[in-house]
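Okay, thanks for squeezing me in, everyone. Let me put the structure up and then we'll walk through it piece by piece.

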Amino acid sequence: MGRAAPSGARRANQGTAELGLLPATTGPAGDRLDPVAIIDIGSNSVRLVAYDALTRAPTPIYNEKMLCGLGRNVLTTGRLNDEAVRRALSALTRFRILCRTMGVTRLHVLATAAARDAENGPAFLEAAEAACGTGIELLSGRREAELSALGVISGFHAPDGVVGDLGGGSLELVDVRGQVVGQGVTMPLGGLALQDLSGGSLKKAAKLVREHMRKAAPQLETLKGRTFYAVGGTWRALARLHMAARQYPLHVMHGYTVEPSDELSFLQVVEQSDAAQLQDVDVISEARRPLLAYGAVVLEEIIRVGRPREIAISASGVREGLLYEQLDRDQRAGDPLLTSAAELNALRARAPAHGEELCAWTDRFIESLDGPETADERRLRHAACLLSDLGWRAHPDYRGEQSIALIQNAAFVGVDHPGRAYLALAVAFRHVGVAPERANPVLRAMAGPRLFERARLLGALLRVAFPLSAAMGGVLGTAPLAVIDGRVTLHLPPELRDLNSERLQGRVRALARLLSLEGRVIAG
């Protein structure tokens, strides 16, 4: 898909002087170090998200939305509702002040289906520009689909499937393979639009969905056996209900996956029930609840026609896609998980260089083993090395728990839930020992047998590395660890020979036992 702005786009990011934004500052490589923000004027909500910087893995520092319902009844009346407009302009005025307070240097404001379709949309956009103090980009459906796809690319490692972004006014579907974005399609199947067009009848809404989905044949025909990436607040709300119904233990939305057969049965319950009677519906805002059934109808049809292998919930969408689009080619090619882990390492570790050295030190050991390590296991291991010293400020008795709490709930992207469990387990094992009974049972089940054993192995490696290096850089490179002649062997240089203690020897032997080998330390 092309990257050019649509012909109908309004001027974007003009008038920043009116907003009172501070001059942008850059680092040595030209990366922006000041907060950036995006305001998304959607058909259902108006949202401000501010990020710490323009990076491969930007971290939200402030997130606020107002459910205005701009798209309600637009398709039948042709106009934005006066009260919805008032609420939206009030939110934009507030967001302008918040951006100035946070020192935001670059603000992007996007408008989608409601402003695009309404006859009074241009007048609203003019008032909205005055309220937020900068230009607004009015996205075409094609452009919206492209940015949604880029958002999924920014948030998932090597995505392969179809992205579906369900807003209040429209649904965008677009194929994505790695970093390649296919042709997108947009349809008036957002929750508010369906509610409006169907007159509140789910039966009629289902018929409308089936009719419109014929336009999406090029996208849905490629979905079989691949992943459907669900983007949008209504689908995230459905996922939150699904988590609660299944008593899922990890309350991280991004990367939550569901089997299609399980999802179909759940969606049918949502469609057939009064929203107020759904289990744990109190976790969903009251304004969002009436749209759940319409989101369920759309997702059910996608599953039936497309037959995906799994449904993955994405917290990354148009906003993150816009930021990703602004990065240069080298930055886009970066791994978002490793970028986030490196930033946390720099912020929290006693010596950030130590985490980087751990990656290379464990590389050598893994290369000396007979068993293969997949590319994804390697990137997870490197991330765990970078995160291995996060809990050092906690009391020694609680460093394992602290590390788990920090890692399993961190605002990472580029990692699925089994991967999160692996990261948390590996770092916890470093503190509590690698005996299986010491593992968090929930994380053990989530990781699965293969990643659980890989976490134990890395935990045992970390338990050798830290007493050897005292968590400082410049040591591990002089003391290689590898399997040599069928034995796990640690070589200490002459200047470190006196580190050859019973404690260090015991940890080398414990590592060796995981591999059914003998361990030894050679000093001097």
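Let's start with a cysteine: is Cys99 buried or exposed? Cys99 has 0% relative accessibility, and with the cut-off for buried set at under 20%, that makes it buried. Bear in mind, by the way, that this is a predicted model.

While we're on cysteines, how many disulfides does the structure hold? Zero. Cys99 isn't in one, and its nearest cysteine sulfur, on Cys132, sits 8.9 Å away. Cys385 isn't in one either; there the nearest cysteine sulfur belongs to Cys359, at 4.6 Å. If you're wondering about access to Cys385, that residue also comes out at 0% relative accessibility, so it counts as buried.

Okay, on to the sheets. One open sheet is built from five strands, and if you read across it the order is β3-β2-β1-β4-β5, with mixed pairing. The edges are β3 and β5, residues 137–138, and each of those pairs on one side only. Next to the β5 edge we have β4, residues 106–111, and those two pair in the parallel sense over two bridges. If you want to find that spot on the screen, look for Leu110, which stands opposite Glu137 in β5.

Just past the other edge strand there's a residue I'd like you to look at. Where does Asn73 lie? Asn73 is in the loop between β3, residues 60–67, and α2, residues 74–77. With a relative accessible area of 36%, Asn73 is partly exposed. Setting aside neighbours within four places in sequence, Asn73 is in contact with Gly78 and Asp196. And Asn73 and Ala118, 45 residues apart in sequence, have their C-alphas 9.9 Å apart in space.

Now the other sheet. This open sheet has six strands, in the order β8-β7-β6-β9-β11-β10, and again the pairing is mixed. Its edge strands are β8, at 180–187, and β10, at 257–258, each pairing on one side only.

The strand I'd zoom in on is β6, residues 160–166. Why do I call β6 largely enclosed by the rest of the structure? Because six of its seven residues are buried. On one side, β6 runs antiparallel to β7, residues 171–177, and seven bridges join the two. Two of the pairs to look for are Val163 with Val174 and Leu166 opposite Leu171. The connection from β6 to β7 is a hairpin that goes through four residues. β6 also pairs with β9, residues 227–231, this time parallel, with five bridges. There, Gly164 has Ala230 as its bridge partner.

Lying across β6, β7, β9 and β11 is helix α12, residues 292–306, which runs at about 40° to β7.

There's another helix to point out here, α13, residues 318–325. Eight of its eight residues are buried, so α13 is largely enclosed by the rest of the structure. For the chemists: those buried residues include Arg319, Glu320 and Glu325. What covers them? The list includes β1, β2 and β4, along with α6, β6 and α14.

Let's move to the nonpolar packing. As a general point, nonpolar side chains in soluble globular proteins tend to be buried together. In this model the largest nonpolar core has 108 residues, and the members touching the most others are Leu173, Met213, Leu423 and Leu490. Which helix gives the most to this core? That's α20, residues 441–469, with 15 residues. Another core lies apart from it, with 32 residues, among them Cys68, Val104, Leu107 and Ala115.

Going back to Leu423 for a second, its contacts beyond four places in sequence include Leu337, Leu380, Ile407 and Phe412.

Last stop, an acidic residue. Asp363 is found in helix α16, residues 352–367. At 11% relative accessibility, Asp363 counts as buried. So what does Asp363 touch, leaving out residues up to four places away in sequence? Arg378, Arg381 and His382. With His382 there's a polar contact between the side chains, at 2.8 Å.

That's my tour. Happy to rotate the view if anyone wants another look.

Conventions:
Residues numbered from 1 in each chain as written. Predicted model: local features only at pLDDT ≥ 70, side-chain atom pairs only at ≥ 80, totals over all residues. Heavy atoms only, no water. Buried < 20%, exposed > 50% of the residue type's maximum accessible area, 1.4 Å probe, protein only. Contact = heavy atoms within 4.5 Å. Pairing = 2+ DSSP bridges. Polar contact = N/O pair within 3.5 Å; in protein donor to acceptor, adjacent residues only side chain to side chain. Core = buried A, V, L, I, M, F, W, Y, C linked by side-chain atoms within 4.5 Å. Disulfide = S-S within 2.5 Å. Axes fitted to C-alpha atoms, helices over the stretch in contact; angles between N-to-C directions.
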